[in-house]
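Biologist: Got a minute to go through the charged pairs with me? Pull the model up and let's chat.

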Amino acid sequence: MSDKRNIQDQKRRLLAEKYELRRKLYKALSKDTDLPNDVREKHRCKLADLPRNSSFTRVMNRCVFTGRARAVYQMFRVSRIVFRDLASRGLLHGVKKASW
């Protein structure tokens, strides 16, 4: 199940990257108050016609090992559970368990 989620998330990332420039252009033109309303409306419609998964809002940070979506450290792309396990085994370079 985690592979399916990670593959779906990867597809969303690729789609968001592909449509990023168009989405920003349409958004900027639809918010520009100097333009006439019909032009702004036309760009709003074009923005709505883009695929939903092409928005960066729909991209989810997931753990590369388990596919877990919550409590994922962006720097390592692993969940807190996997992070703790790998750190205690010494498999993450530069990470040491704190003791005081």
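Modeller: Sure, a definition to start: helices (H or I, at least four residues) and strands (E, at least two) are DSSP runs, numbered from the N terminus. Also, this is a predicted model, where local features need pLDDT of at least 70, side-chain atom pairs count only at pLDDT 80 or more, and totals for chains, interfaces and linings use all residues. Residues are numbered from 1 along each chain as its sequence is written, and side-chain values use heavy atoms, with hydrogens and water left out.

Biologist: OK, where do R89 and D85 lie?

Modeller: Both are in helix α3 (residues 80-89), four residues apart, which is about one turn of the helix. Their side chains form a salt bridge, 2.4 Å from N to O. The term means a side-chain nitrogen of Lys or Arg within 4 Å of a carboxyl oxygen of Asp or Glu.

Biologist: How many salt bridges does that rule give?

Modeller: The count comes to four.

Biologist: And why would such side chains pair at all?

Modeller: Side chains of opposite charge can pair when their charged atoms come close.

Biologist: Back to R89, is that one buried or exposed?

Modeller: R89 is exposed, at 54% relative accessible area. D85 is partly exposed, at 35%. The cut-offs are under 20% relative accessible area for buried, over 50% for exposed and partly exposed in between (1.4 Å probe, protein chains only).

Biologist: What does E20 pair with?

Modeller: E20 makes a salt bridge with K24, and the closest N and O atoms are 3.4 Å apart. The two sit four residues apart in helix α1 (residues 2-31), so about one helical turn separates them.

Biologist: What's the accessibility of E20?

Modeller: E20 has a relative accessible area of 30%, so it's partly exposed. K24 is exposed, with 54%.

Biologist: Next helix, which residue does R44 meet in a salt bridge?

Modeller: That's E41, with 2.8 Å between N and O. R44 and E41 are three residues apart in helix α2 (residues 37-49), so again about one helical turn lies between them. R44 is partly exposed at 35% relative accessibility, and E41 is partly exposed too, at 40%.

Biologist: Changing topic, where does Q10 lie?

Modeller: Q10 is in helix α1. Its relative accessibility is 38%, so Q10 counts as partly exposed.

Biologist: How many residues apart are Q10 and Q74 in sequence?

Modeller: They're 64 residues apart in sequence, and in space 15 Å lies between them, C-alpha to C-alpha.
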